[in-house]
Amino acid sequence: MREQLIRYVELLFAGAENAGDIQQEILQNTLDRYDDLIAQGKTPEAAYRLAISGIGDINEILGNTDAAAPKNTGAVPQAAQKSVANAKWQPLLRVLSIVCYILCPLPLFLIQDEVGLCLLLVMVALGVALGMLASPGKGNSESETTGKEVSAPRQAVRSLIGITGLAFYLAVSFATRAWWLTWLVFPLTGCVSGLVMAVWDLCIQRGSTASGVVRIVIFTLLALALVAALLFSVCFSSTSGPISDLSCIWNSSHVDGIPSPSGSVSAQEVSRLAIHWVAGSVRVEPSETATDIRFRLIGEDDAKFPMVWSQSGDTLVLSYAKSTKMPISVNVLRKDLVVTVPAGWSAQEIRIDNVSGDMTLTDIDVTDLTVDNVSGELDFSGFCRSAEVSTVSGDCTLTLTSAPNSIDLDSVSGQLVVVLPENTGFTAELDSLSGKMYSDFSTTYQDDTMYYLDGACKITMDSVSGNLRIRQSKVF
């Protein structure tokens with residue numbers, strides 16, 4: 001509101017000659033009166049009106065009877081009224097602008113193609129537009145003339161800080177993938193901008209604009225360097241907990257092995273299979289003619305990030321690439337992996353980590369099945385003693401030939417479908433905000449828990465909106 005007062009006084013003295021000292025004195029008195037009214041508990045709008053009503057007649061002050069000279073009647077000009085009305089919405093628009101900046105990478109992760117990238121750019125553009133609307137509106141061209149040389153560079157510096165903060169946020173976020181932490185760049189950028197503007201105003205008051213700009217640039221670079229060092233040290237110093245889980249999917253899957261799009265190992269020497277993937281489908285299927293475990297890519301491999309495989313003891317590890325810090329972006333090449341195992345091969349453990357892509361395991365016999373997935377469906381058929389699945393938006397279907405001991409699913413929006421043979425006892429629990437449980441069996445309920453027969457098979461699901469469906473083999 002102080003800026004509106006400054007514009008109002010500038011408008012009153014527009015066209016007046018040799019009135020610089022008088023204008024500054026009236027402006028200072030008006031601002032002091034405004035501050036006193038605010039201190040007395042007046043609203044900014046009421047203090048604004050009372051302050052300008054006390055200015056008086058400018059013609060009498062200047063001793064000027066020219067009819068063209070502006071006259072203060074205590075009424076608020078239309079431009080000033082518009083500025084007062086817009087000031088009410090400026091805080092909300094600033095908040096919405098920052099929210100758009102923070103959430104702009106989300107479409108790229110939920111929709112990992114050109115559409116997601118376009119939505120990211122749309123959200124950035126929306127954030128910029130809201131930020132511009134949140135800036136104080138400008139008056140008429142006459143009122144903008146005074147102080148234009150000061151306000152234009154000031155606004156340019158503020159915009160430069162904001163753009164630098166956004167670029168820094170995207171760079172750090174994609175490098176560390178610690179999105180839950182990197183949003184702190186925006187409030188820190190706001191603090192840096194506020195401090196820089198304070199130094200700027202101080203330099204203007206003292207008449208040392210040129211040297212002040214140099215100090216501002218140095219201060220801004222030092223502040224951003226400190227913020228960068230803080231974020232990178234936090235994101236890369238931890239090897240456990242949520243930082244390691246979110247910063248990179250490869251932290252526990254670095255492979256020092258053979259870069260090759262295909263290969264084979266003896267099935268008798270392998271009882272554990274680990275697949276670490278980024279983009280593309282994964283299929284594991286039996287073959288009546290196979291005697292070894294064979295794996296191959298469908299299509300070409302990525303020359304920059306080739307597939308890598310290795311065998312350590314009884315564990316076969318297949319990795320999308322060797323690098324532990326390969327960035328996830330729309331330019332990542334899709335690789336479809338096919339693993340063929342001998343018919344009747346039994347695995348002790350199968351673990352699959354995938355960011356984007358469907359996973360299909362057909363007629364597989366495994367003791368422990370573990371799947372971590374972001375987007376993409378899981379379709380498993382065969383037998384497993386225990387299954388643990390974690391997904392964000394992908395559905396999970398488990399078609400089992402016999403009852404497992406336990407099934408545990410952690411999901412945001414994906415649903416779980418479990419197909420069990422007839423006369424298989426189970427206990428099912430669903431912890432969800434809006435999801436529901438469905439069953440083809442004649443179950444009973446007790447304390448939001450579903451029971452059937454002896455309840456030997458434990459099925460638990462934690463989800464935000466996903467459903468749990470339990471079906472009989474003959475019905476499905």
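Here a colleague asks a modeller how a few labels on this predicted model were earned.

Modeller: Residues are numbered from 1 along each chain as its sequence is written. The model is predicted, with local features needing pLDDT of at least 70 and side-chain atom pairs pLDDT 80 or more, and side-chain values use heavy atoms, without hydrogens and water.

Colleague: Why is Asn 467 called buried?

Modeller: Buried means under 20% relative accessible area, exposed over 50%, and partly exposed in between (1.4 Å probe, protein chains only). Asn 467 has 19%, so the label is buried. Asn 467 sits in the loop between β19 and β20 (468-472).

Colleague: What makes Asn 467 and Lys 436 a polar contact?

Modeller: The backbone nitrogen of Lys 436 is 2.9 Å from a polar atom of the Asn 467 side chain. A polar contact is a pair of N or O atoms within 3.5 Å, one able to donate a hydrogen and the other to accept it, so this pair fits.

Colleague: And why does Val 99 count as partly exposed?

Modeller: Val 99 comes out at 35%, which is between the two cut-offs, so partly exposed it is. Val 99 lies in helix α6, and this helix (residues 90-103) gives the nonpolar patch its largest share, three residues.

Colleague: What makes that patch?

Modeller: Val 95, Val 99, Leu 103 and Leu 106 do, over about 310 Å². Patch residues have over 30% relative accessible area and no salt bridge, with nonpolar side chains joined within 5 Å and like charges within 9 Å.

Colleague: How do you know that Asp 462 is partly exposed?

Modeller: Asp 462 has 39%, so the same range applies. Asp 462 is in strand β19 (residues 457-463) and belongs to a negative patch with Glu 388, Asp 408, Asp 410 and Asp 431.

How values were computed:
Accessible areas come from the Shrake-Rupley method with a 1.4 Å probe; for residues, only the protein chains shown count as cover. A salt bridge is a side-chain nitrogen of Lys or Arg within 4 Å of a carboxyl oxygen of Asp or Glu. Lys and Arg count as positive and Asp and Glu as negative; His and the chain ends are not counted. The place of a charge is taken as NZ of Lys, CZ of Arg, CG of Asp or CD of Glu. Helices (H or I, at least four residues) and strands (E, at least two) are DSSP runs, numbered from the N terminus.
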